[in-house]
Amino acid sequence: MATTTIKFKLNGQPVTLSTHPLKRLVDVLRDDLQLTGTKEGCGEGECGTCSVLLDNRLVNSCLVPIASVAGRQVITIEGLRSTPRFDLLQRCFAQAGGVQCGFCTPAMIMAAEAILSANPYPTEKQVREGLAGNICRCTGYGMIVEAVLEAARKGGGLW
Amino acid sequence: MVNTFRPSDLAQALRIIADTKPTVLAGGTDLMVRHKTWSGVVPHFDRPVVLIGHLPELQGIEIRDERLFIGSAVTLAAILEHPLVPEHIKSPIAQMASPPIRNLATLGGNICNASPAGDSLPMLYALDACLHLESVRGRQTVSIGEFISGPGRTILEPDQLLTAIEIPLIKCRTHYYRKVGQRQANSISKVSFYAAADYDKQRIHWVRIALGAVAPTVVRSPAAEGLLAGLDASGLKAVIPTVTTIYQGLLSPVDDVRSTQRYRREVSLRLLENYLTRELMK
């Protein structure tokens, strides 16, 4: 199999790996790098469960060939975990009941981070728009929206 | 296993495209799905792949001589965030896909897919967009209507690359866009309706109307638009049945997993009626 050397920044650290250039970012994260916090749901960009940040923008990692990540920066839920923003998001999701089965949760947290980084004081409509690419089959969304709004209210200066 | 190329500039990309006749991948939001196999397995492409999403020559958004130029690899998100792009161009793009997909997907990709349900297309047809094609042989400019030759088909030669989209900036008083789909985010249109117009209290200066997903390619009628131009409110009311008949003749929707012919036809005509009676000259 034709492999190529790809260098990029993952959660702040430089990574060099040898892999097929068209391998999906989600597979590289989960299989090559054992970062299984990022989940795969549909594999077609519909559900958003594999969302990560690529150059600080939310993307579906199932749609990204690893060769197009070269020289760029990827943040996964594992990288976000060591930040005070994650601490607050985690507490708000727990308090609002925004986590049930938990499969969509890492991506919901990544989407929340993307929403609040772009706009620390979003309206409910903006939160709903920001989460529109992420499917949750348990909560009915209301509690997730509430969690993000609560994080915004308590976030003073974090984003 | 096919070769994958990541050229460092446009000139190199054009040489690779001429030499290998590859699959060109910009955002990947459609191609990575079309070619996927199993989780953990590399997507299967049967031709070489050339990545162009990173090429600096394809990233620009600028205005020259009252015309907006958008690089073919500009993402939908970048178009929406750009201060020079007017609202009547942004409005259909804002309803495409979802935020994470708009961060990857490109305008050039939506055009080259040439899907009958491509959501940027009615707007591009209505605004008389032109496409800039380049190859090692030279450059060519074609209208969007000439470029798309059928469902999923374009006149792009195997050695050519779409490099930029040119949209004339016209003084547009109102624009109207309705996308009918199953879900607000990420739905593929059953029907989409785009209109832009300029008018004052007395009369209509011009109207452009284009419908997506209801025929093999976008439906637009210069004849109907010509009938509407110059009319006052009572003239508009009188001509609505004629205009409706024209569009009725142009619709040829299909039955598929997303919807039925009958539904698509009915909704298209109701959207047209709603636009002509309640939105235009409002």
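## A two-chain model, from one sheet outwards

In chain A, strand β3 (residues 51-54) runs antiparallel to β4(A), and four bridges join the two. Within this pair, A:Leu54 has A:Arg57 of β4(A) as its bridge partner. Please keep in mind as you browse that this is a predicted model.

**The sheet of chain A**

The β3-β4 pair belongs to an open sheet of five strands in chain A, ordered β2-β1-β5-β3-β4, with mixed pairing. At its edges lie β2 (13-19) and β4 of chain A, each of which pairs on one side only. On average, and ignoring direction, neighbouring strands of this sheet are turned by 40 degrees against each other. Helix α4(A) packs on the sheet, where it touches β3 and β4 of chain A, and its direction makes about 35 degrees with that of β3(A).

**Helix α1 of chain A**

How much of α1(A) is buried? Six of its eight residues are, so α1(A) is largely enclosed by the rest of the structure. The buried ones are A:Leu25, A:Val26, A:Asp27, A:Val28, A:Leu29 and A:Arg30. They pack against β2 of chain A, which is one of the edge strands of the sheet. Just after the helix, A:Gln34 takes a positive phi of about 55 degrees.

**Two domains in chain A**

Chain A is divided into domain 1 (4-76) and domain 2 (83-154). Taken over C-alpha atoms, the centres of these two domains of chain A are 21 Å apart. Where they meet, 13 residues of domain 1 are in contact with 11 residues of domain 2. On the domain 1 side, β3 and β4 of chain A each supply at least two residues, and β3(A) gives the largest share, with three residues.

**Where the chains meet**

The contact between the chains takes 29 residues from chain A and 28 residues from chain B. On the chain A side, α1 (25-32) and β4 (57-60) each supply at least two residues. The largest share of that side, four residues, comes from β4(A). Edge strand β4(A) thus appears in both settings: it supplies residues to the side of domain 1 that touches domain 2 and to the side of chain A that touches chain B.

The table sets out the residue classes of these two contact sides.

| Contact side | Nonpolar | Polar | Charged |
|---|---|---|---|
| Chain A, touching chain B | 12 residues | nine residues | eight residues |
| Domain 1 of chain A, touching domain 2 of chain A | five residues | six residues | two residues |

**The nonpolar core**

In soluble globular proteins, nonpolar side chains tend to be buried together. Which residues of the largest nonpolar core touch the most other members? Of its 132 residues, these are A:Met110 and B:Val50. Helix α4 (residues 105-118) of chain A gives the most to this core, with nine residues; α4(A) is also the helix that packs on the sheet described above. For B:Val50, leaving aside neighbours within four places in sequence, the contacts are B:Phe5, B:Pro7, B:Ala13, B:Ile16, B:Ile17, B:Pro22, B:Val24 and B:Leu25.

**A hairpin in chain B**

To finish, have a look at chain B, where strand β4 (residues 61-64) and strand β5 (residues 67-71) pair in the antiparallel sense over four bridges. B:Glu62 stands opposite B:Phe69 of β5(B). The two strands, β4(B) and β5(B), form a hairpin with two residues between them. In the turn, B:Asp65 has a positive phi of about 50 degrees.

Methods
Residues are numbered from 1 along each chain as its sequence is written. Chains are lettered from A and ligands numbered from 1 in the order in which they are written. This is a predicted model: local features need pLDDT of at least 70, side-chain atom pairs count only at pLDDT 80 or more; totals for chains, interfaces and linings use all residues. Two residues are in contact if their C-beta atoms, placed from the backbone, lie within 7 Å. Ala, Val, Leu, Ile, Met, Phe, Trp, Tyr, Cys and Pro count as nonpolar, Asp, Glu, Lys and Arg as charged, and the others, Gly among them, as polar. A nonpolar core is a set of buried Ala, Val, Leu, Ile, Met, Phe, Trp, Tyr and Cys residues joined through C-beta atoms within 7 Å. A residue is buried if 20 or more other C-beta atoms lie within 10 Å of its own, exposed if 12 or fewer, and partly exposed in between; C-beta atoms are placed from the backbone. Two strands pair if DSSP finds at least two bridges between them. Axes are lines fitted to C-alpha atoms, for helices over the stretch in contact, and angles run from 0 to 180 degrees between N-to-C directions. Domain bounds come from an automatic or database domain assignment.
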